[in-house]
Amino acid sequence: MTTDTTQRDHVIQIAKTKNDIAYSKTKNIKDPWYKVQALAAVARYNKEKAVKYCNEAIKISKTCSDHYQVAAVQSWVIAALAETGNIKEASNLLNKTLVD
């Protein structure tokens, strides 16, 4: 397991109970693939900041190495948006992901 994988897993583990700490730990993840996954996990447990965190994740996802990675990792963001009741944002991102 890589350091980024371990950090992502730790963020996911604490996102529900220590959301602010989990968010701050996403800053240490270098690989955009794992960072987006971590941010999406944090967003799932913070309805008030979900759109903010997801917008950050979307920007980072665009730095992934290929189109597959961008689209695949954005599915984590789409799910986080939908799970937090941000259906319009989830739908818009899904449509944009499919077109791009």
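How far is the sulfur of Cys64 from the closest cysteine sulfur, and in which residue does that closest sulfur sit? The partner is Cys54, and the distance is 15 Å, which is too far for a bond. Keep in mind that this is a predicted model. A disulfide is a covalent bond between the sulfur atoms of two cysteines. A pair counts as one when the sulfur atoms lie within 2.5 Å, so the 15 Å between Cys64 and Cys54 rules that pair out. Searching the whole structure turns up zero disulfides. Seen from the other end, Cys54 is in no disulfide either, with the sulfur of Cys64 as its nearest cysteine sulfur. Both cysteines are tucked away, though: Cys54 has a relative accessibility of 1% and counts as buried, and Cys64, at 9%, counts as buried too.

Cys54 is a handy way into the helix packing, since it is one of the α4 residues that touch α5. Helix α4 covers residues 50–61 and helix α5 covers residues 67–83; their axes come within 10 Å and cross at roughly 175 degrees. An angle over 145 degrees counts as roughly antiparallel, and α4 and α5 are therefore roughly antiparallel to each other. On the α4 side, the contact uses Val51, Cys54, Ala57, Ile58 and Ser61, while α5 brings Val70, Val73, Gln74, Val77, Ala80 and Leu81. Sort those residues by class and you get nine nonpolar, two polar and no charged.

Now look at α5 from the α3 side. Helix α3 takes in residues 32–44. The axes of α3 and α5 come within 8 Å and cross at roughly 5 degrees, which makes α3 roughly parallel to α5. Here α3 offers Trp33, Val36, Gln37, Ala40, Ala43 and Arg44, and α5 answers with Gln69, Ala72, Val73, Trp76, Val77, Ala80 and Glu83. This contact holds nine nonpolar, two polar and two charged residues.

Helix α3 has another neighbour in α1. These two pack at an angle of about 5 degrees, with their axes 9 Å apart, and that makes α1 roughly parallel to α3. The residues involved are Asp4, Thr5, Arg8, Val11 and Ile12 of α1, plus Tyr34, Gln37, Ala38, Ala41 and Val42 of α3. By class, that is six nonpolar, two polar and two charged.

Which residue of α3 should you click on next? Try Gln37, which takes part in the contact with α5 and also in the contact with α1. Beyond its neighbours up to four places away in sequence, Gln37 touches Arg8, Val73 and Trp76. Gln37 is buried, with a relative accessible area of 2%. For a sense of scale, Gln37 and Asn86 are 49 residues apart in sequence and 18 Å apart in space, C-alpha to C-alpha.

Further along α3, Arg44 makes a useful contrast. Arg44 sits in α3 but counts as partly exposed, at 38% relative accessibility. Leaving aside neighbours within four places in sequence, Arg44 contacts Ala80, Glu83 and Thr84. Its C-alpha is 8.3 Å from that of Ala79, although 35 residues separate the two in sequence.

What about the nonpolar interior? In soluble globular proteins, nonpolar side chains tend to be buried together. The largest nonpolar core here has 29 residues, and Val42 and Val77 touch the most other members. Helices α1 (3–14), α2 (19–26), α3, α4, α5 and α6 (87–99) each give two or more residues to this core. Val77 belongs to α5 and faces α4 as well as α3. As for Val42, once neighbours within four places in sequence are set aside, its contacts are Val11, Ala15, Asn19, Ala22, Tyr23, Thr26 and Tyr53.

Tyr23 also leads on to a charged residue, Glu56. Outside its neighbours within four places in sequence, Glu56 is in contact with Tyr23, Lys27 and Leu39. Glu56 lies in α4 and has a relative accessible area of 19%. Buried means under 20%, so Glu56 makes the cut and is buried. To tie Glu56 back to the core, measure across to Val77: the two are 21 residues apart in sequence and 9.9 Å apart in space, C-alpha to C-alpha.

Note on methods: Residues are numbered from 1 along each chain as its sequence is written. This is a predicted model: local features need pLDDT of at least 70, side-chain atom pairs count only at pLDDT 80 or more; totals for chains, interfaces and linings use all residues. Side-chain values use heavy atoms; hydrogens and water are left out. Axes are lines fitted to C-alpha atoms, for helices over the stretch in contact, and angles run from 0 to 180 degrees between N-to-C directions. Helices (H or I, at least four residues) and strands (E, at least two) are DSSP runs, numbered from the N terminus. Angles under 35 degrees count as roughly parallel, over 145 as roughly antiparallel, 65 to 115 as roughly perpendicular and the rest as oblique. Contact means heavy atoms within 4.5 Å. Ala, Val, Leu, Ile, Met, Phe, Trp, Tyr, Cys and Pro count as nonpolar, Asp, Glu, Lys and Arg as charged, and the others, Gly among them, as polar. Buried means under 20% relative accessible area, exposed over 50%, partly exposed in between (1.4 Å probe, protein chains only). A nonpolar core is a set of buried Ala, Val, Leu, Ile, Met, Phe, Trp, Tyr and Cys residues joined through side-chain atoms within 4.5 Å.
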